[in-house]
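Q: I am new to reading protein models and would like to take a close look at one part of this one. Could you walk me through a single helix and its surroundings, slowly and in connected steps?

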Amino acid sequence: MIFDAEAMVKLLANQATVTGRGEGMTSSELAEKMGFGQDKVRKLLKRAVIDGKCRATRKTVRTIAGTNTVVTSYVLAEGA
């Protein structure tokens with residue numbers, strides 16, 4: 001489980017570097033990139049937030065219907 005959390009933190013760091021924006025990734029995006037289920041990723045995110053490795057924020061995404069909605073996303077915590 002520790003390795004999985006480290007891989008998730010690396011994905012968040014890479015996403016911030018590649019996009020140049022601090023929008024972070026949703027739990028669904030992380031699950032897809034990591035190849036894990038939603039439940040496992042949510043448990044990893046909960047542990048990472050408690051450990052201070054990442055924090056929750058909000059970002060706007062476009063839905064299938066073409067509307068914008070605000071969802072929870074996760075970014076690296078300052079100093080992590």
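A: What follows begins with the whole chain and then turns to the second helix and the residues around it.

This is a predicted model, and the protein averages a pLDDT of 82, with 84% of the residues scoring at least 70. The confidence is not even along the chain, for among the elements of the protein α1 has the lowest mean pLDDT, 66, while strand β2, residues 68-76, has the highest, 92. The protein has three helices and two strands, and when they are read along the sequence they follow the pattern α-α-α-β-β. Of its 80 residues, 29% count as buried.

The helix to look at is α2, which spans residues 27-34. Which of its residues are buried? In α2 the buried residues are Ser-27, Leu-30, Ala-31 and Met-34. These four lie on the same side of α2, because they cover an arc of only 100° around the axis. The face of α2 turned away from this buried side carries Glu-32 and Lys-33, which are exposed, so that a reader who turns the model around the helix can find the two faces by these residue names. After α2 comes Gly-35, whose phi is positive, near 75°.

The buried side can be followed into the core of the protein. In soluble globular proteins, nonpolar side chains tend to be buried together. Here the largest nonpolar core has 13 residues, and those with the most contacts inside it are Met-8, Leu-12, Leu-30, Val-41 and Leu-45. The helices α1 (2-19), α2 (27-34) and α3 (38-50) each supply at least two residues of this core, and the largest share, four residues, comes from α3.

One residue of α3 shows how that helix meets α2. Val-41 has its place in helix α3, and it counts as buried because its relative accessibility is 0%, where the limit for buried is under 20%. Leaving out residues up to four places away in sequence, Val-41 touches Ser-27, Leu-30, Ala-31, Met-34 and Phe-36, and the buried residues of α2 named above, Ser-27, Leu-30, Ala-31 and Met-34, appear among these contacts. Val-41 and Leu-30 are 11 residues apart along the chain, and their C-alpha atoms are separated by 7.1 Å.

The beginning of α2 deserves its own look. Ser-27 lies in this helix and is buried, since its relative accessible area is 13%, which falls under the limit of 20%. Setting aside its neighbours within four places in sequence, Ser-27 is in contact with Gln-38, Val-41, Arg-42, Leu-45 and Tyr-74. One of these partners, Arg-42, is found in helix α3, and at 46% relative accessibility Arg-42 counts as partly exposed. Arg-42 can also be placed against Ser-28, for the two are 14 residues apart in sequence and 9.1 Å apart in space, C-alpha to C-alpha.

Phe-36, which Val-41 touches, has a further partner in Lys-40, whose charged end sits over the ring of Phe-36, 4.3 Å from its centre.

Note on methods. Residues numbered from 1 in each chain as written. Heavy atoms only, no water. Core = buried A, V, L, I, M, F, W, Y, C linked by side-chain atoms within 4.5 Å. Buried < 20%, exposed > 50% of the residue type's maximum accessible area, 1.4 Å probe, protein only. Contact = heavy atoms within 4.5 Å. Arc of directions from axis to C-beta. Lys NZ or Arg CZ within 6 Å of the ring centre and 35° of its normal. pLDDT = per-residue confidence, 0-100.
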